[in-house]
Amino acid sequence: IYTYIEGIRFSRAHGCKPAKRFPQSERIIGYDLYKQQQEAARTKSLLARGLKRYADNGPTFSFSFMGNTFVSTIDPENIKHILATQFGDFVLGSRSVTFGPLLGRGIFTSDGTHWEHSRALVRPNFTRAQVADLNTFETHIQHMIAKIPRDGSTVDLQTLFFRLTLDSATEFLFGESVHSLLHPDNSEEQEFGRAFDAAQNLCGRRGRLGKLGAYYTTKDFQKNCKTVHDFVDKIVMKAVKDVDPQDPEKTASGNGGRYVFLNEMVKSTRDPKQLRDELLNILLAGRDTTASLLSHTFHVLARRPDILKPLQNEIDELNGKVPDYETLKQMKYLKNLLTESLRLFPVVPGNARQANKNTTIPRGGDPDGLSPIFIAKGTIVTYAPYAMHRRKDIYGPDADIFRPERWAPEEGLRPGWGYLPFNGGPRICVGQQFALTEASYTIIRLLQEFKGLENRDDGPWVENLALTLSVDGGVKVAMVPRS
Ligand code: HEM
């Protein structure tokens, strides 16, 4: 009763109005919504259903689900408030529990001072010098190109992109690639990749079970987590052992001049568990995301010769020269293409934060939606870049159309917090430049090798929503060699 009265007082003092309520037959378990979500997951239409909910109920509304109160929003002002202005009022919620057995505590799974410490440890390693090192990518891209048939037969580019990013991410993080593009056998490295994928998928299922997720585990899951940990621990222990306690800088610059994240980290900490956790946190955050961006971009290129042509023209201006970092930055059409790809197919299409105290968000209070809403401690605020990126009042009447030109400076589009593929505020993605560099470089090198691609899948785009968004059924194409 005290909490309830406290909430009413807080709400009045801040001029809050009630949020629009999503129509539900009961608001304790929210079983009807649970059934709808299960059905949408089965028919792979979670994102389409989400879009319709915002169309029917407006940009901000509340509902109950599995005993929790939720507020959903695609209002940029509200999202800015949660992620930046009132950053301290919100935490990740159950993420540390969901991912804990696999990832431990690291930048992606922790809050508060632990997160601050992780971020301070990890952030300096994403410097320009490191991001601009393209030689490592080149080796793996050549392995990928070797896997692409040249006789017009069909290949699934998405599968190759997921292997490419696993290989390049493990090389960058551990100093040793798992080479999934080279060894399709039962090697220890392959086993690591398989176990990491399987454990990650089970974490996704734990996340979808809400509070009950903490109790959902299987023998296989535990075995997979152990396989992943053992593999990384060996690499970590070697790096820690190699550190010269008198001069950590000297040891860290080994590895044939290549940049290795682990070697940089051992300059700051030699705690093996902390090193393992941070490496796995970054592997999870950085690997599927870049693969998904590449997959969606090629999904579009295979269907839209009008986009492929100007892109090829821009790439052909390099006359086959391997691009360096500066060249990548000057490729305007490519940059707009990736920006548009992340608008219509944001790799993290939905996200959430939980209030750690009584607070507010600035918009959504009925009847005009312009008053603040009271957010009681424990409320989960979900936000959906996928739906926000399709708002016609932000992107214009052609918001549903894939059109890279909309990002040309002449068009004057400035969506601010209405465009959020990499999140914003203090927890903004640390790997943004790394991802855009890897994706740009991969696209250029592929289209320097192949003059075009033929679509081998007539179906529409269908969501595959795990921890990140990918293309259901893959990206089936035939690549046309230049010579
Ligand atoms: C297209 C590619 C990528 C996209 C769309 C993307 C998107 C995101 C988003 C939306 C978040 C916020 C998650 C949250 O706070 O709930 C995030 C966080 C993060 N990303 Fe990325 N990411 C990409 C690539 C990468 C890469 C390549 C790396 C590293 C190599 C990386 C490392 C991280 C890390 C460590 C965080 C956690 C930051 C923190 O909580 O302080 N990401 N990313």
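Which residues in α11 are buried? Before turning to that helix, it helps to survey the whole of the model, which is a predicted one.

The protein holds 20 helices and twelve strands. Its radius of gyration is 23 Å, close to the 23 Å that the globule rule gives for 483 residues, and the protein is therefore as compact as a globular protein of that length. Taken along the principal axes, the box that the C-alpha atoms fill is roughly 70 × 55 × 40 Å, and 40% of the 483 residues count as buried. Where contacts link residues at least 6 apart in sequence, 74% of them join residues at least 24 apart.

Helix α11, residues 219-242, has 24 residues that at 1.5 Å a residue should span 34 Å, and this agrees with the 35 Å that separates its end C-alpha atoms. The buried residues in α11 are Phe-221, Asn-224, Cys-225, Val-228, His-229, Phe-231, Val-232, Val-236 and Ala-239. Their cover includes α5 (95-103), α10 (188-208), α13 (261-265) and α14.

Helix α14 also leads to the ligand, since the largest share of the shell around the ligand, six residues, comes from α14. Of the 21 residues around the ligand, those that come nearest are Ala-285, Gly-286, Thr-289, Cys-429 and Gly-431. The elements giving two or more residues to this shell are α14 (272-301) and α20 (432-449). Sorted by class, the shell consists of 13 nonpolar, six polar and two charged residues.

Helix α14 thus appears in both settings, as part of what covers the buried residues of α11 and as a contributor of six residues to the shell around the ligand.

Technical notes: Residues numbered from 1 in each chain as written. Predicted model: local features only at pLDDT ≥ 70, side-chain atom pairs only at ≥ 80, totals over all residues. Helix = DSSP H or I, 4+ residues; strand = E, 2+ residues; numbered from the N terminus. Rg over C-alpha atoms; globule rule 2.2 N^0.38 Å. Buried ≥ 20, exposed ≤ 12 C-beta atoms within 10 Å, placed from the backbone. Contact = placed C-beta atoms within 7 Å. Near = placed C-beta within 6 Å. Nonpolar A, V, L, I, M, F, W, Y, C, P; charged D, E, K, R; others polar. Expected span 1.5 Å × (residues − 1).
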